[in-house]
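I opened this notebook page to record what I looked up, taking the contact between chains and then a sheet.

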Amino acid sequence: MLQSEREKMMTMQEHQKAYVQRASFMRSGATVFLGHLDLMTCFERACRRAELPILYSQGYNPRPMMVFALPLGVGIETTCDYLDVSLDRPYDADSFVKELNAFLPSGLQIIRSIAIPEPKDSIMSIVTTASYRFEAKGIRKAMTEAMEKETLIVTKMAKGKEKQTDIRPLLLSLSQASDGDPDAVDFYASAGSERNVRPDLILNSLSLYCGMDREVAENTRVIRTGLFAREYPRIVPIHEVEVRPL
Amino acid sequence: MKNYPVPLSKSDLMSVESPARYVGGEFNAVIKEDMMEELEKTGKTSYVRFAFCFPDIYEIGMSNLALQILYHVLNESDFVACERAFSPWLDMDKILRERNIALYSQETKTPLCDFDILGFTLGYEMCYTNVLQMLDLGKIPLLAKDRGEDDPVICCGGPCAYNIEPMADFFDIAMMGEGEEMILELCKKIREYKLSKSTSHPMSRQELLLACDAIEGIYVPSLYEVFYSKSTCSGKDGSEGKDPSGACVKPVSDGVKKTIKKRIIKDLDNCTYPTAPVVSNLRVVHDRSYLEVFRGCIRGCRFCQAGFIYRPVREKSVEVLCEQGRLLEKNTGYDEMGLLSLATSDYTRFPELAENLLSTFEGHHTSLSLPSLRLDSFSLDLMEKVQSTRKSGLTFAPEAGTQRLRDVINKNIREEDIFSALRLAFLGGWNTVKLYFMLGLPTETDEDVLGIADLAARIEKLYYDIGRETGQRMRRLEITVSTSLFIPKPFTPFQWEPQNSKEELIRKQRLLKDHIKSRNIRYAWHDFDSSVWEVVLARGDRRLAPVLLEGYKSGLFYDAWDDHFKFREWVEILERHGLTIEDFSREFSEEETLPWDHISVGVNKKFLLSERHKAHEEKTTPSCREHCSGCGAATWGVGECFAKGGES
């Protein structure tokens, strides 16, 4: 078969119906140091090992259809991030969790999954807010100070250029750590495709403006504890957005 | 699997490129938890703790099949716990030194000095200095003679181990040949040694080394005395110092074996193979699983070390390969599988194997990668099937520009074959061709060099002629001509040949460059300096140990990385030690004793010599499948040549 004929055949394939598993996952340990692309590859390979009936994108270079709600930066742990996995058939959510977990590298774990109809809005587009937990000596004082500032100007790299940006408006609210640890805080921050703040920029601002030692800031343990849709403060956890089960 | 934390702060890890290289936690990695519990409780274990060391970065090491095979073999046994370690990149190297933290294993983050044995795989000479880096960072004395009873035993294997002389002072043990059986025999000795320490008759390190010498295939460099003629050397005829620069290697005592014969696995079908290899979390150089199809090569290209050291040819059966392929795909999740051998299409039942694997992968979006497909048995039909989604370029390695020179090197490709294969490929829509050649081959003339440009130009003409014949509108043709430089390697018919001088190589490269005129043809060349240094290491001897040591101590390592390789500094150090490049790039005399003559790879020196003479007469040698040429490898009593009654 000639290449041109093959190309034609592939684009002519009709759109296959997708059965989506919306799964939440955690990561800790060694996998914390993976970049987002490597993390995606880890999930893809685990799905393949588990022989789950994943759907592939069409075209020249088919990829497994898997969408993450928000990229997870290097060095960030999570107790509740999300991904949508498209399967070619209806699948029991509990089996999906159990089967995938058996094949994930240690440190990655699916917490739960729900079967949802093919979402109209991509999971990426509905994220507005993230909750984080920071752990470090003196973090409560520094973060409290940060919340009292009018502006927090930091430098970030965008398309190879340095850019000044004010991240203060992206910090939404701060609270004591849920477990009462004096060296930890919980907070909400803007997240998603429209307004997003990376945790390392927040830590950077703490050492710049809030008297936090640079090395302590860099060694702060960062855990993403949740992702939410809708406008703050009327936010809803991602897994409650598409509640209509299949 | 329990996570053993890295002995570094988060900010240190985050400050380096790809921190995931240094944290472990990969799928299919093995941690013997019972051993870890025992260690925690008593501080001791009866397990032999083995660190498999790869002297280059993680991404390269994790693409290495030897690592996966031996890791699997060792961990499958009930008395060895094997972990992995890699060369840290310069950023991490700096941090480990500054913080005084020992280089640690991936699995349990144990400092290398706490292992019983370290095994380095040496795939290329330019990684030698990284062995020193790993030992140094692992807090292990660099020189074998400085290591004591509590230090790990340092060993190596792989193609470079066959002439380990330049590194002989740094290794306690070198393993010759295929390691699957030998490495366990070695570990048994290490276990005896280790257990004897808590008895009333503890074995000494020296006793251990002598015991290891009794294992076939194992070479203990410290049990041999070496003379090079510049001091005093007894030539083969017993005459003192007659030989101007030849070597002489002798056992220090009677009990030590005179010749070290490489080991092979006789029955590959029944040899354990890693069907659940460690899968990197990080995307690595060759991000695919590997199915090893056969060992050895029937061809005998005279420049190719692999073609001789891996003899005799032993194939796995299609049945075993299909089952291993199925398991590999399932256990790794890779979307690509590479068939591995020296010349894939020489596998006797290749079409059957390929069809079978392709049907196993049906609907899985798994592709088959077929490196080293030979041009003369090229099957366009198969390429079509294999590359079901992507059409990558065609790669051919004629190695030389004229038929005369191809006969000299015994690369049995005829131009008719190249052109008939390309005709089919161009008709099928291919428009990217890569051509690999070598410059500086023995007997090479300017006519041969220009033959490369001419061949590329005629391929270009063929492409557009086809367009004219068929009336098809052709896409732009892309031809890449790559030249590497000939490096004479031990255990090949060209082991005596000189390497062209750098000036001569530069002249030839310019000549070729000036004669490639088409915009469709791109010329890519290889760096000279590293090829010159590679000859020094490949044909070197024990006089190089102080050179390597001084180079490393002055900060020279990662020589395999062009950006970090400092040729001028190396030459200065070499000359300070009274040696020159010429000592190693010169023509070696056929009478002199070569530094590696005490090693036997099965293929004997007489055969190599006759092949050398045939090369100079421009005579070819048929493949092992056509006719046994009596190289000596049939003495193993196995392999394709033996089955056909070779050397009877």
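The entries below follow the order in which I went through these topics.

Entry one, the interface. I kept in mind that this is a predicted model, and I began with the extent of the contact, to which chain A gives 35 residues and chain B gives 37 residues. The area buried between the two chains came to about 3,000 Å², with carbon and sulfur atoms giving 51% of it. On the chain A side, I found that A:Phe33, A:Arg45 and A:Arg48 lose the most area to chain B, and that together they make up 23% of what that side buries.

Entry two, polar features. I looked up the salt bridges across the interface of chain A and chain B and found four; one of them joins A:Arg45 to B:Asp287, with the closest N and O atoms 3.0 Å apart. Between chain A and chain B I noted 13 residue pairs in polar contact, both residues being at pLDDT 80 or more.

Entry three, where the chain A side comes from. Helices α1 (3-12), α2 (36-49) and α7 (214-218) and strand β10 (221-229) of chain A each supply at least two residues to the side that touches chain B, and α2(A) gives the largest share, seven residues. By class, I recorded 16 nonpolar, nine polar and ten charged residues on that side.

Entry four, a sheet in chain B. I traced an open sheet of three strands, ordered β10-β13-β14 with parallel pairing. Strands β10 (289-292) and β14 (367-369) of chain B are at the edges with a single partner strand each, so one side of each has no neighbour in the sheet. The twist averages 30° from one strand to the next. Strand β13 (residues 336-340) of chain B pairs with β14(B) over three bridges, and I noted that B:Gly338 has B:Ser369 in β14(B) as its bridge partner.

Methods:
Residues numbered from 1 in each chain as written. Chains lettered and ligands numbered in written order. Predicted model: local features only at pLDDT ≥ 70, side-chain atom pairs only at ≥ 80, totals over all residues. Heavy atoms only, no water. Pairing = 2+ DSSP bridges. Axes fitted to C-alpha atoms, helices over the stretch in contact; angles between N-to-C directions. Contact = heavy atoms within 4.5 Å. Buried area = accessible area lost by both parts, 1.4 Å probe. Salt bridge = Lys/Arg side-chain N within 4 Å of Asp/Glu carboxyl O. Polar contact = N/O pair within 3.5 Å; in protein donor to acceptor, adjacent residues only side chain to side chain. Nonpolar A, V, L, I, M, F, W, Y, C, P; charged D, E, K, R; others polar.
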